[in-house]
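Hi,

Here is the structure I promised to send over. Have a look at it first, and then read on for my notes.

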Amino acid sequence: MAPQSEEEECISGAALIAEALKMQNVEYIFGIVGFPITEIAVAAQASGIKYVGMRNEQAASYAASAVGYLTGRPGVCLVVSGPGLVHALAGMANANMNCWPLIVIGGSSDRNQETMGAFQEFPQVETCRLYSKFSARPSSLEVIPAVIEKAVRSSIYGRPGACYVDIPGDFVNLQVNKSTVRYVECCPAPPISMAEELAVSKTASLIAHSRKPLLIIGKGAAYARAEESIRKLMDQCGLPFLPTPMGKGVVPDNHPCCVAAARSRALQSADVIILLGARLNWILHFGLPPRFRPDVKIIQVDICAEELGNNVRPAAALLGDIKAVTEQLLEHLNRKLWKYPSDTEWWSELQAKMKSNEETSKALSLRKQHLMNYYTVFHHIRELLPKDCILVSEGANTMDIGRTMLPNYHPRHRLDAGTFGTMGVGLGFAIAAAMVTKDHHPEKRVVCIEGDSAFGFSGMEVETICRYNLPIIMIIVNNNGIYSGLDSGTWKEILELGEPTTRAPPVCLLPNAHYEQIAAAFGGKGYFVQTPEELQAALKRSLVEKCTPSLINIMIDPQSDRKDQDFHWLTRSNL
């Protein structure tokens, strides 16, 4: 038989999808295989894409979205039809709220079985339109590369977000002649847009005439890789700055202009606030009184025009790439030879408040008591963590107190519950960070610090971590509950009173649960910790271990809480 000519060479749908993803520089796929998408995962591995098999589609979608944030190119979440896709909607919604690029590829019913009640039949394309920037099913195998290129491009252009591509089950093994396929080159990086010069000039004037300026650095600035230009702005102009949770590290937390320790005072008293990739949503209390001055002048810098003017009419709006606009602003301020004085009453007020808050936190961290509190735990963790580690954090008090006590020195080195306030992201984010660091910065450590409640959302991903030998250090700050819990004695008394479903407080979890045994069961290292000395010893051993995951289960006082706050953590809108 004569060999098949190149013009007649055929390719399967699975291989075509893998080729298209590889062409778009996709490096990682996270998912759970099954009918009809197993062959896609196999083909992806054959093409050189790394496939990480997860234990839940939610965690897989969280991991893929974190890759998008860390690398600037979307990770892929591969899921089966129906329930598998529904589970992944959580990660799609989270990616959209965080403005992170993500591609979800879902298998679906065979085309000739639509409307017949096929296995796991579900209106997937229509459903995903609510949670994504782009949702489509290729009309034929020939257009798969073009649809995937559009999905990748849509996920990173403009405001980043999630995109969905639906693959009918009969497409996966169907063959097509390669000569008929519409191949598409890799989409380039997003075009750089700059703000109007008039708006930049107005902004520079507002800053130069401010008495109490404040710069707020959001995770949009981190995603935009704007750290170099923003650090120049800080060094040259000496503005007090405040990072949002995932904006930490764009400028190091130990920079002399960082006023994070006086957050409430800075927000409440500033007369001009510059937002660099930060939104006036619940995290920044909507920009409204009593958390902000009624007459505060807001300057917004954002890639998305629709964001400008949300909740507060800005005094100046700069639409464009954060990095490019910051450089424009620097140029204008340099012409004025302007620098904010370091001897103002504003600096004195902020420094006094920072000193007071830091002393309060230090006193709490050094308090001697039978069981550790949050501040004691984070004090000892901070003493040992490498400055360049990637911190993943989730939980209520664990995340909030950890944000204030664990500094970040590098951009994109903190991942947390984010804009959507999503619990359950921790281990998925940690797995994504570990995969990226393994390939690009193998010397970096990934440390995932969670509350015991947050750990429960995705705890089975410990098996994934151990299966792939990812040396993640998992730290559970265990207070036996959600917000607070009960000690074992009180729990026993409640059980003696009768049925726990009618007696036990809804916030309670099982006291003294040995979560560290989960890691040990899968071949990792597990440590049960009750004292500062045990914590130090366990963390030191975990940091020395370069190939094996570790889980440190830290028991704290079940009633441990945050220090007194000027305001409740959640400022409710009056709108």
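Below is what I found, going from the whole chain down to single residues.

Before anything else, please keep in mind that this is a predicted model.

**The chain as a whole**

The chain has 575 residues, and a compact globule with that number would have a radius of gyration near 25 Å. The chain has 25 Å, so the value agrees with that of a compact globule. If you'd like a feel for the dimensions, the C-alpha atoms fill a box of roughly 85 × 70 × 45 Å along the principal axes. There are 21 helices and 21 strands in the chain.

How much of the chain is buried? Buried residues account for 57% of the 575. The accessible surface adds up to about 24,000 Å², and carbon and sulfur atoms own 53% of that. Sequence-distant contacts also show up a lot: taking contacts between residues at least 6 apart in sequence, 78% of them link residues at least 24 apart.

**Helices α12, α13 and α14**

Next, a helix pair. Helix α12 covers residues 345–365 and helix α13 covers residues 374–384. Their axes are 7 Å apart and cross at an angle of about 95°. Angles of 65 to 115 degrees count as roughly perpendicular, and α12 and α13 are therefore roughly perpendicular to each other. Which residues meet there? From α12 it is S361, L364 and S365, and from α13 it is Y375, T376 and H379. Sorted by class, that contact has 2 nonpolar residues, 4 polar ones and no charged ones.

Both helices turn up again around α14. In α14, 8 of the 9 residues are buried, so this helix is largely enclosed by the rest of the structure. The buried ones are N397, T398, M399, D400, I401, G402, R403 and M405. What covers them includes the helices α12 and α13, along with the strands β14 (390–394), β15, β16 (446–451) and β17 (473–478).

**Three buried residues to click on**

R412 sits in the loop between α14 (397–405) and β15 (414–415). Its relative accessibility is 13%, and the cut-off for buried is under 20%, so R412 counts as buried. Leaving out neighbours within four places in sequence, R412 is in contact with Y69, L70, A222, R225 and E227. Of these, R225 is 187 residues away from R412 in sequence, yet their C-alpha atoms are 9.0 Å apart in space.

I29 belongs to strand β2. Its relative accessibility is 1%, so I29 counts as buried too. Apart from residues up to four places away in sequence, I29 touches L21, A44, I49, K50, Y51, V52, V76 and L78. The C-alpha atoms of I29 and I103 are 9.4 Å apart, with their positions 74 residues apart in sequence.

Y527 is in strand β20, which runs over residues 525–529. With a relative accessible area of 14%, Y527 is buried. Beyond residues up to four places away in sequence, Y527 touches E516, A538, R541, S542, S550, L551, I552 and N553. Y527 and E227 are 300 residues apart in sequence, and from C-alpha to C-alpha they are 37 Å apart in space.

**Backbone oddments**

Where are the cis peptide bonds I noted? One joins F35 and P36, with omega at about 5°. P36 is in the loop between β2 (28–31) and α2 (38–46). Another runs from P289 to P290, with omega near 10°. P290 is in the loop between β11 (272–276) and β12 (297–302).

That loop between β11 and β12 also holds H285. H285 has a positive phi of about 55° although it is not a glycine. T115 is another residue other than glycine with a positive phi, in this case near 70°. You'll find T115 in the loop between β5 (102–108) and α5 (124–128).

Are these two buried or exposed? H285 has 3% relative accessibility, so it counts as buried. T115 has 75%, so it counts as exposed.

That's it from me for now. Shout if you want to go through any of it together.

Cheers

Conventions:
Residues are numbered from 1 along each chain as its sequence is written. This is a predicted model: local features need pLDDT of at least 70, side-chain atom pairs count only at pLDDT 80 or more; totals for chains, interfaces and linings use all residues. Side-chain values use heavy atoms; hydrogens and water are left out. Axes are lines fitted to C-alpha atoms, for helices over the stretch in contact, and angles run from 0 to 180 degrees between N-to-C directions. Helices (H or I, at least four residues) and strands (E, at least two) are DSSP runs, numbered from the N terminus. Angles under 35 degrees count as roughly parallel, over 145 as roughly antiparallel, 65 to 115 as roughly perpendicular and the rest as oblique. Contact means heavy atoms within 4.5 Å. Ala, Val, Leu, Ile, Met, Phe, Trp, Tyr, Cys and Pro count as nonpolar, Asp, Glu, Lys and Arg as charged, and the others, Gly among them, as polar. The radius of gyration is taken over C-alpha atoms; the globule rule is 2.2 Å times the number of residues to the power 0.38. Buried means under 20% relative accessible area, exposed over 50%, partly exposed in between (1.4 Å probe, protein chains only). Accessible areas come from the Shrake-Rupley method with a 1.4 Å probe; for residues, only the protein chains shown count as cover.
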